[in-house]
Amino acid sequence: MTDLLAMQWQQITASSWLILLSVTGFWIGISIYRRSSGKPLLHPLIIGTPFIAILLVLISVDFDQYYKANGLLSWLLGPATVALAVPLSKNLKPMSKVMPILTIAVLFGGFFAAVSALSLALWLTSEPIMMLSIAAKSVTTPIAMVITHQLGGLITLITPIVLFTGIVGILVAPQVFQVFGLQDERWQGLILGVTAHAIGTLKAFEKSPRCGAFSTIGMGLNGIWTSLFLVPVVQIFMA
Amino acid sequence: MVLFQWLGELVVKWTGVIVPGSLMGMLILLICLAYPSGLAAIVGPVSNRLIQNLSLLFIPACVGVFSLGPAISLQIPQLMVVIALSTLLVIIFMTVLITTIGAAKND
């Protein structure tokens with residue numbers, strides 16, 4: 001217990017003024033994003049991170065130094081993951097009626113998401129580290145980060161991977177729904193949540209609160225479910 | 001939140017399951033929230049704030065993309081193809097799955 005606390009305390013106290021860079025980058029990203037009325041390609045991360053990367057080069061600070069200086073933010077990811085339980089629990093109660101279909105969809109969908117990503121990665125890329133880093137792509141970022149860390153993948157790569165997955169998801173999902181004639185907005189929401197996590201959920205809330213609630217559930221349950229099966233599945237693929 | 005994360009980390013340490021500690025903490029909180037108590041009123045506002053500013057927490061790791069070695073950066077186009085294809089496949093898969101179940105139920 002004490003070594004755990006000591007480790008976390010060290011992570012927090014390693015923070016320095018460089019953290020201000022992240023906050024500024026985030027703030028610039030957010031203000032541009034809001035002004036564009038929420039275009040997914042102008043996501044705060046897409047605007048903010050290149051900006052910080054350029055600044056780091058200009059003031060000649062290397063990435064490791066910057067990353068350590070942001071210990072406080074990285075540490076907050078833990079409590080933030082825990083915080084996801086609140087919206088999940090709020091939305092879970094009214095859904096007991098459709099629970100069987102919902103569970104089947106999340107179990108198969110989440111599994112298929114990871115397996116398809118791994119198979120395609122095996123086919124198209126040559127670096128084993130890519131496989132480890134892409135496996136958690138359909139999971140919401142805070143959960144994806146802990147899973148990727150556990151797998152030994154690249155934490156730096158998973159955030160843009162998750163982001164890109166979400167953007168692709170919300171761009172293609174409406175077309176797919178139309179082609180296959182899926183009109184029920186509850187299931188549209190669930191699919192958006194499982195496949196495109198937080199970005200999909202935002203999109204779902206634009207449609208209706210009900211659609212958004214299902215999306216939140218899809219995202220949360222898929223995160224939990226993926227963290228359970230991913231480690232053994234990845235081991236099979238890497239063998 | 002912090003308390004529940006520690007609880008989660010501890011449970012993971014004791015039981016040796018492969019779930020990350022913070023996820024275990026989330027599950028514990030989820031179970032606690034299922035029972036009506038004053039807990040929801042306490043954790044609700046904190047949780048909202050954290051989730052609203054979640055993107056900020058991803059920034060440090062995300063910046064690292066620009067300092068990846070050439071072995072990995074060269075593969076980014078392939079990576080994007082993998083992501084786009086598998087995302088499309090999953091959405092089609094889930095849509096078909098759900099419409100099939102739905103149709104079976106209505107029969």
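Start with L30(B), which is partly exposed because 19 other C-beta atoms lie within 10 Å of its own, and a residue needs 20 or more to be called buried. You'll find L30(B) in helix 2 of chain B, the stretch covering residues 21–34. Setting aside neighbours within four places in sequence, L30(B) is in contact with A85(A), L88(A) and S89(A). Those partners belong to chain A, and that takes us to how the two chains meet.

Before going on, keep in mind that this is a predicted model. For the complex, the predictor reports an ipTM of 0.75 and a pTM of 0.77. Chain A has a mean pLDDT of 77, with 88% of its residues at 70 or more. Chain B averages 70, and 60% of its residues score at least 70. Within chain A, the mean pLDDT is lowest for helix 1 (residues 2–13), at 65, and highest for helix 10, at 83. In chain B, helix 1 (residues 2–15) has the lowest mean of the elements, 57, while helix 6 (residues 76–106) has the highest, 79. As a rule of thumb, where pLDDT is low, the predicted coordinates should not be read in detail.

Now the contact between the chains. Chain A puts 81 residues into it and chain B puts in 65. On chain A's side, the largest share comes from helix 10 (residues 155–179), with 14 residues. Sorted by class, that side of chain A has 57 nonpolar, 22 polar and 2 charged residues.

What are the chains built from? Chain A has 12 helices and 0 strands, and chain B has 6 helices and 0 strands. Of the 239 residues in chain A, 53% are buried; for the 107 residues of chain B, the figure is 38%. Chain A also brings together distant parts of its sequence: among its contacts with a separation of 6 or more, 64% link residues 24 or more positions apart.

Then there is the nonpolar core. The largest one has 93 residues, and those with the most contacts inside it are A85(A), A117(A), I134(A), A135(A) and I158(A). Helix 10 of chain A supplies the largest share of this core, 13 residues. You have already met A85(A), as one of the residues that L30(B) contacts. I134(A) is worth a look too: leaving out residues up to four places away in sequence, I134(A) touches A117(A), A121(A) and I161(A), along with L79(B) and V82(B) from chain B.

Helix 10 of chain A keeps turning up, so let's follow that helix along its length. Why call it largely enclosed by the rest of the structure? Because 19 of its 25 residues are buried. The length of helix 10 of chain A works out as well: at 1.5 Å a residue, 25 residues should span 36 Å, and the end C-alpha atoms are 36 Å apart, which agrees. Even so, helix 10 of chain A has a kink of about 35° at V172(A), shortly before the proline P174(A). After helix 10 of chain A comes G181(A), with a positive phi near 65°.

Helix 11 of chain A (residues 185–207) is another story. A straight helix of 23 residues would span 33 Å at 1.5 Å a residue, but helix 11 of chain A spans only 8 Å between its end C-alpha atoms. Look for the kink: helix 11 of chain A has one of about 145°, centred on A196(A). Helix 11 of chain A is also largely enclosed by the rest of the structure, because 18 of its 23 residues are buried.

Helix 12 of chain A (residues 209–238) has 30 residues and reaches 41 Å from its first C-alpha to its last, close to the 44 Å expected at 1.5 Å a residue. Helix 12 of chain A bends by about 45° at L230(A), and the proline P232(A) follows within four residues.

Finally, jump back towards the start of chain A. T24(A) is found in helix 2 of chain A, residues 19–35. Is T24(A) buried or partly exposed? With 14 other C-beta atoms within 10 Å, T24(A) is partly exposed. T24(A) and F164(A) are 140 residues apart along the chain, and their C-alpha atoms are separated by 23 Å.

Key
Residues numbered from 1 in each chain as written. Chains lettered and ligands numbered in written order. Predicted model: local features only at pLDDT ≥ 70, side-chain atom pairs only at ≥ 80, totals over all residues. Contact = placed C-beta atoms within 7 Å. Helix = DSSP H or I, 4+ residues; strand = E, 2+ residues; numbered from the N terminus. Nonpolar A, V, L, I, M, F, W, Y, C, P; charged D, E, K, R; others polar. Buried ≥ 20, exposed ≤ 12 C-beta atoms within 10 Å, placed from the backbone. Expected span 1.5 Å × (residues − 1). Bend = angle between axes of the 7 residues up to and from the residue. pLDDT = per-residue confidence, 0-100. Core = buried A, V, L, I, M, F, W, Y, C linked by C-beta atoms within 7 Å.
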